[in-house]
Amino acid sequence: FWANILSLSENTMKNELADAVRNANTDALTKVKSSNAYSKRISEINRELKENPSKEVGIVICDCDNLKGVNDTYGHATGDTYIINCCKIICDVFSHSPVYRIGGDEFLVILQNKDLREHQYLLKKLEITVNESSKIPTVEEGKACISFGMALYDRRIDENLTNTCRRADAEMYKIKQIHHNENNNI
């Protein structure tokens with residue numbers, strides 16, 4: 001009898017621990033991978049790059065344009081819907097790579113496999129999809145505006161994948177500035 005009770009409680013604890021780990025690695029709002037999962041994966045890839053410097057990796061950084069304006073004008077519930085809209089576009093375009101929510105309105109994609117091989121096509125697809133989505137009248141109907149930048153790991157200039165992320169972030173900010181100058185915000 002007691003062995004069964006102890007076995008049940010041990011299983012319950014294992015299940016609760018597994019749930020806690022899953023929750024820590026999943027963004028509650030968007031259900032993509034969390035910033036915690038991102039930190040772990042970047043560390044893993046950096047170790048892999050030390051062992052195999054010719055490994056190919058790409059990073060895409062995406063930022064939801066004008067989230068503050070959406071929150072201030074329409075409220076945080078609409079802002080959450082806006083973030084979800086942006087996330088859905090990113091996940092749909094990069095369907096073969098993990099997507100991470102690394103900040104309130106920022107997402108990162110670690111390009112791998114088919115998405116890495118087809119990154120130029122996918123970036124164009126993302127641009128077209130974002131342009132179409134930005135013309136939708138309301139957030140509730142799916143409106144989303146995203147600035148994004150991409151960089152491929154280059155062992156000649158990148159000490160590690162964090163440097164690649166910085167380069168992708170710099171590219172994203174160039175696009176964000178263009179969007180800002182065009183008043184292409186909500």
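Hi everyone. A quick definition to start: helices and strands here are DSSP runs, numbered from the N terminus, with at least four residues for a helix and at least two for a strand. With that in hand, I can place Pro 98 for you: it sits in the loop between α4 and β2. Please keep in mind that this is a predicted model.

Let me stay with Pro 98 for a moment. Is Pro 98 buried or exposed? Its relative accessibility is 14%, so Pro 98 counts as buried, given that the cut-off for buried is under 20%. Leaving aside residues up to four places away in sequence, Pro 98 touches Lys 33, Leu 108, Val 109, Ile 110 and Gln 112. Lys 33 is 65 residues away along the chain, yet the C-alpha atoms of Pro 98 and Lys 33 are separated by 7.3 Å.

Now to the sheet. Four strands make up an open sheet, and the order is β2-β3-β1-β4 with antiparallel pairing. The edges belong to β2 and β4, residues 146-152; each has a single partner strand, so one side of each has no neighbour in the sheet. From one strand to the next, the twist averages 20°.

Let's look at β4 and its partner. Strand β1, residues 58-64, runs antiparallel to β4, and seven bridges join the two. If you want to trace the register on screen, Gly 58 stands opposite Leu 152 in β4, and Cys 64 stands opposite Ile 146 in β4. You may ask how many of the seven residues of β4 are buried. Six of them are, so β4 is largely enclosed by the rest of the structure. Helix α7, residues 161-181, lies across β1, β3 and β4, and runs at about 145° to β4.

That brings me to α2 and its packing. This helix has 17 residues and spans 25 Å from its first C-alpha to its last, close to the 24 Å expected at 1.5 Å a residue. Its buried residues are Ala 37, Tyr 38, Ile 42, Ile 45, Asn 46 and Leu 49, and the buried residues of α2 pack against β2, β3 and α7.

How do α2 and α7 meet? Their axes are 9 Å apart, and the packing angle is about 120°. The two helices are therefore oblique to each other. On the α2 side the contact is made by Tyr 38, Ile 42, Ile 45, Asn 46 and Leu 49, and on the α7 side by Leu 161, Thr 162 and Cys 165.

Tyr 38 deserves a second look. The structure holds one aromatic pair, and Tyr 38 forms it with Tyr 100 in an edge-to-face arrangement, 6.1 Å centre to centre with 65° between the planes. The pair links distant parts of the chain, as Tyr 38 lies in helix α2, residues 35-51, and Tyr 100 lies in strand β2, residues 99-101, 62 residues apart. Both Tyr 38 and Tyr 100 are buried.

One last stop, over in α4. Thr 78 lies in this helix, which covers residues 76-93. With a relative accessible area of 11%, Thr 78 is buried. Which residues does Thr 78 touch, not counting those up to four places away in sequence? They are Val 70, Val 139 and Glu 140.

That's my tour, and thanks for listening!

Methods
Residues numbered from 1 in each chain as written. Predicted model: local features only at pLDDT ≥ 70, side-chain atom pairs only at ≥ 80, totals over all residues. Heavy atoms only, no water. Phe/Tyr/Trp six-rings, centres within 6.5 Å; stacked < 30°, edge-to-face > 60°. Buried < 20%, exposed > 50% of the residue type's maximum accessible area, 1.4 Å probe, protein only. Contact = heavy atoms within 4.5 Å. Pairing = 2+ DSSP bridges. Axes fitted to C-alpha atoms, helices over the stretch in contact; angles between N-to-C directions. Expected span 1.5 Å × (residues − 1). Parallel < 35°, antiparallel > 145°, perpendicular 65-115°, else oblique.
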